[in-house]
Amino acid sequence: MIAVRQAGSRAADVTLGLLDDLLSEYRPRDFGVRLWDGSYLGPTGGAPERFTLVLRHPGALRNMFWSGSELALAEAYVYGDFDIEGELESVFALGDHLLVERSFGVVERLSLARRLLQLPSNGRHESKAVQLTGKRHSLRRDREAISYHYDRSNEFFATFLDPRMVYSCAYFAREDDDLATAQRRKLDYICRKLRLKQGDRLLDIGCGWGALVLHAVQNYGVEAVGITLSGRQAELAEERIRTAGVADRCTIQLRDYRELDAAEPFDKISSIGMFEHVAEDVLAGYFAQAWRLLRPRGVFLNHGISRPVDQPPRRGPSFLQKYVFPDGELVPISTALRLGEETGFEVRDVESLREHYVLTLRHWVHRLEERHEDAVQAADEVSYRVWLLYMAGSVHGFRTGRVNVHQTLFAKPDRGVSGLPLTRADWY
């Protein structure tokens, strides 16, 4: 490893020594480290420098590793203790090594703690982590959770989303498709999977900024209702519907799916990217409400992120829970299928779009980085860093198979009759 030290910096010497030990088993070491005083550690063995870890002050390493948690490391980035110059996606393999793969014995932990205490303790800005109140997954608390994520500003989300503002996995025919093309293809793919036709009544649970309901009304002749818990989303969706001149066939309601009346059932239901906000202990009620809202021979398309069955749920506070998706919870696709079937649904199709989400997220990360100043103006620097970290980390998660995303088509048969054609040729 190339090491360049500046004279007379006790904190720099301690930091560089700690890094030597922490990184001793990480190979190939394809990154550099630059300290606040200009001291530098380079890659080893002629490896290319894929990114540079920049420590901003003498207490940076202490903030990063004192608790030994993913949350502390993420907060150190969010609040500016360190920066990443270069490809942010590449840093997560290093994070896996330090927090998951490498094991530290008791003696090694004590030694690490003593050395970290030699570094100054730097104060932090006031935490912007979410503070929810009330019973978990009550109507009020769910509104708080959704508002925390989605209501920072429509202008902020517009910095990285496509022009239709579709905030879910796109559908690519080729890896070099542009984002707008892939998102339009996804909207149309959902409509074809639902087999929408003239006169159908469509419900979109968690409609976002209204892209799907608008597409379905304009291209398939349906009547559509979209529901969301985000006031900012509802305002923009309603404005877009009025501008498109389809307000007589398309409406947006600011309400929870549990508040909908089943007296007038829908022919088709979609839930795109909302499933992740529903915890496992209330999923049975989620499927039961979809069943009540759907007419016999109707279909329900559920699109949501899942975790592999051998990937245990996170214990304790995580970065995503504190800063991105409060109260969100991922379940295995097998759990979702079982709960859907126990409700009475028939599973007609399951499709993984995991590789598509890698491509989608890379577009979002690139667009957000390009519009850094616009994003900060629309929200703030912390929000920019939270979203950049969460989306780059998600690229790593989907690419390595730690998380997946599935579209599942559920049917509500009428005495065994699904009303569906024999093949799926019309989808393609």
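Which residue in β9 does Asp-204 stand opposite? It's Ser-270, and the views below work outward from there. This is a predicted model, so local features need pLDDT of at least 70, side-chain atom pairs count only at pLDDT 80 or more, and totals for chains, interfaces and linings use all residues. Residues are numbered from 1 along each chain as its sequence is written, and side-chain values use heavy atoms, with hydrogens and water left out.

**View 1. Strand β9 and its two partners.** β9 covers residues 266-272, and 7 of its 7 residues are buried (under 20% relative accessible area, 1.4 Å probe, protein chains only). Strand β6 (residues 201-205) runs parallel to β9, joined by 4 bridges. β10 also runs parallel to β9, with 6 bridges, and there Ser-270 has Leu-301 as its bridge partner. Strands here are DSSP E runs of at least two residues, helices H or I runs of at least four, both numbered from the N terminus; two strands pair if DSSP finds at least two bridges between them.

**View 2. The whole sheet.** Seen in full, this is an open sheet of 7 strands, in the order β8-β7-β6-β9-β10-β12-β11, with mixed pairing. β8 (250-254) and β11 (346-352) sit at the edges with a single partner strand each, so one side of each has no neighbour in the sheet.

**View 3. The β8 edge.** Strand β7 (residues 223-228) pairs with β8 in the parallel sense over 5 bridges. Look for Val-225, whose bridge partner in β8 is Thr-251.

Key. Buried < 20%, exposed > 50% of the residue type's maximum accessible area, 1.4 Å probe, protein only.
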